[in-house]
Amino acid sequence: EFYDPEFGHASAHNSNQIGQLGLVTHVLSDKTGTLTENIMEMLKFTINDGHFDAHDFIKAIDADPNMATPAIPFLVSLALCNNVIVHLSSSGKIEYNADSPDEAAFVNFAASCGVRLISRDLTSMTLDICGQRKIYHILAVLPFNSDRKRMSILVQADGEDAILYCKGADNVIRERSVEFNCTDIVNTYAATGLRTLVFTQRKIVEPEFTQWTTLFHEAESSLTNRDEKVESAAALVEKNLNVIGVTGVEDRLQPQVPETIEWLRNASIKIWVLTGDKLETAIAIGRTSGVILPSSD
C-alpha cells in the first residue's frame, strides 16, 4: 500500500502495469474529438457587407427577415456545397446527417437564416430560400480530401447559368481566386482558435460548360487512372473563383482538458498534439488547452 497526496491511500493490484506506466515519457494526442468535443458551431463570418457574429445575425433576421438579403449568395453556398444527407424524422422535422460536423454547422446556420436545405437525392437539391422553393440539379461533385483541401459542387437551376461553388483552406483558395483580399480576417479568426474556410463561386457558361462537363463525365467513367483524370478536370474548373465569404467555426474543448494536461506536465510527461488546423488556429488551441504555456514563444 502507498500514499498519494491527491488520491490518498491505495494499493497496487498489478505491479507490472504500475512499472510500465512509470516508463511513459510522452503522450501523443489527436486534437479534434480528443481534446475537443468535435461539435462544431459557427460563430463568425465575413461577406462583402462586413464582419458578423453568427448569433447576432440570426437574431437580426428573426426581427427583420430582410436583413438576410445581402447574405443570400453566401447562405446558398453554405446550403449547397456539402455532402449532407437530409432526413425527415418521424415528427416531420428536417434533420441533417453529415460526415463532417463542419458541414452540419454550415447547413444548420443557413437554415436558421432562412435558407433551408429541404431535400436531396443523387441528382438534385431543393432549397427553401426565404419561403421560395428552388431546385438545383447536381452536375458534378469534386470531393474534399487531405490533398485537395477543398470541395466543389456544380449545380444548375432551371433557366439559369450553372454555378460552381467551392470551399476550402485559404492557402488553396488564394491561388485559385480572381482576387483574394481576406487574408487578414482569416488570420484573425484563426488566432482566436476558430477553424476557417473560404467560400467561393463562379458561373460556368458556354462553351466552357459543355466542354468541361463532357470531359468530367469521361474522366469519372474512366476505367484507368480515374482519380488522376478527375483531378485534371477539377483543375480546369476550380479557377478564377470569386470569394463570397469566410467562416469561423468553434470546436470547444472537452471538460477538464487544461487541468489534465497540467497534471501530466507535473508528472514530467511531455504532450504532443497532432492537428491539421491552420498554424494560427493550432497555436490558439495549444494555448487555451495548456499544451503551450503562457511563457512559451
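Modeller: A word on terms before we start. Helices are DSSP runs of H or I with at least four residues, strands are runs of E with at least two, and both are numbered from the N terminus. This is a predicted model, where local features need pLDDT of at least 70 and side-chain atom pairs pLDDT 80 or more, while totals for chains, interfaces and linings use all residues. Residues are numbered from 1 along each chain as its sequence is written, and side-chain values use heavy atoms, without hydrogens or water.

Biologist: How many helices and strands does that rule give?

Modeller: Ten helices and 16 strands. Pro207, for one, falls in none of them: its place is the loop between strand 14 and helix 7 (208–220).

Biologist: What makes the peptide bond from Glu206 to Pro207 cis or trans?

Modeller: Its omega is near 0 degrees, and the bond is cis.

Biologist: Why is Val186 called buried?

Modeller: Buried means under 20% relative accessible area, exposed means over 50%, and partly exposed lies in between (1.4 Å probe, protein chains only). Val186 has 1%, so the label is buried. Val186 sits in helix 6.

Biologist: Which residues does Val186 touch, beyond those up to four places away in sequence?

Modeller: Asp170, Thr196, Val198, Val246 and Lys278. Contact here means heavy atoms within 4.5 Å. Thr196 is ten residues along the chain from Val186, with 6.5 Å between their C-alpha atoms.

Biologist: And Glu238, buried or exposed?

Modeller: Relative accessibility is 2%, so Glu238 counts as buried. Glu238 lies in the loop between helix 8 (226–237) and strand 15.

Biologist: What makes the pairing of Glu238 with Ser152 a polar contact?

Modeller: A polar contact is a pair of N or O atoms within 3.5 Å; within protein, one must be able to donate a hydrogen and the other to accept it, and residues adjacent in sequence count only if both atoms are side-chain atoms. The side chains of Glu238 and Ser152 meet at 2.6 Å, and the pair qualifies. Outside its neighbours within four places in sequence, Glu238 has contacts that include Arg148, Arg150 and Arg176.

Biologist: Asn240 is in that loop too. What makes its phi worth a remark?

Modeller: The value is positive, about 55 degrees, although Asn240 is not a glycine. At 45% relative accessibility, Asn240 is partly exposed.

Biologist: Where else is there a positive phi in a residue other than glycine?

Modeller: Cys130, near 55 degrees. Cys130 belongs to the loop between strand 9 and strand 10 (132–142). Its relative accessibility is 47%, so Cys130 also falls into the partly exposed class.

Biologist: Why is Asp121 not called buried?

Modeller: Relative accessibility is 42%, so Asp121 is partly exposed. The residue lies in the loop between strand 8 (115–120) and strand 9 (124–129).

Biologist: Which backbone nitrogens does the Asp121 side chain reach?

Modeller: That of Thr123 at 2.9 Å and that of Ser124 at 2.8 Å.

Biologist: How do you know which class Thr126 belongs to?

Modeller: Its relative accessible area is 10%, so Thr126 is buried. Thr126 is in strand 9. Residues that Thr126 touches, not counting those up to four places away, include Arg116, Ile118 and Lys134.

Biologist: Why do you say that the buried residues of helix 9 line one face?

Modeller: The buried residues are Val257, Ile261 and Leu264. Seen down the axis, they fall within an arc of 60 degrees, so they line one face of the helix. The arc is that of the directions from the helix axis to the C-beta atoms. An α-helix has 3.6 residues a turn, so residues three or four places apart point the same way.

Biologist: What covers those residues of helix 9?

Modeller: The cover includes strand 15 (241–253), strand 16 (270–274) and helix 10 (279–289). Helix 10 in turn has buried residues, among them Ala284 and Ile285. They pack against helix 6 (183–191), strand 14 (195–204), strand 15 and helix 9.

Biologist: What makes helix 3 mostly covered?

Modeller: Eight of its nine residues are buried. Phe74, Leu75 and Val76 are among them. For the chain, 41% of the 297 residues count as buried.
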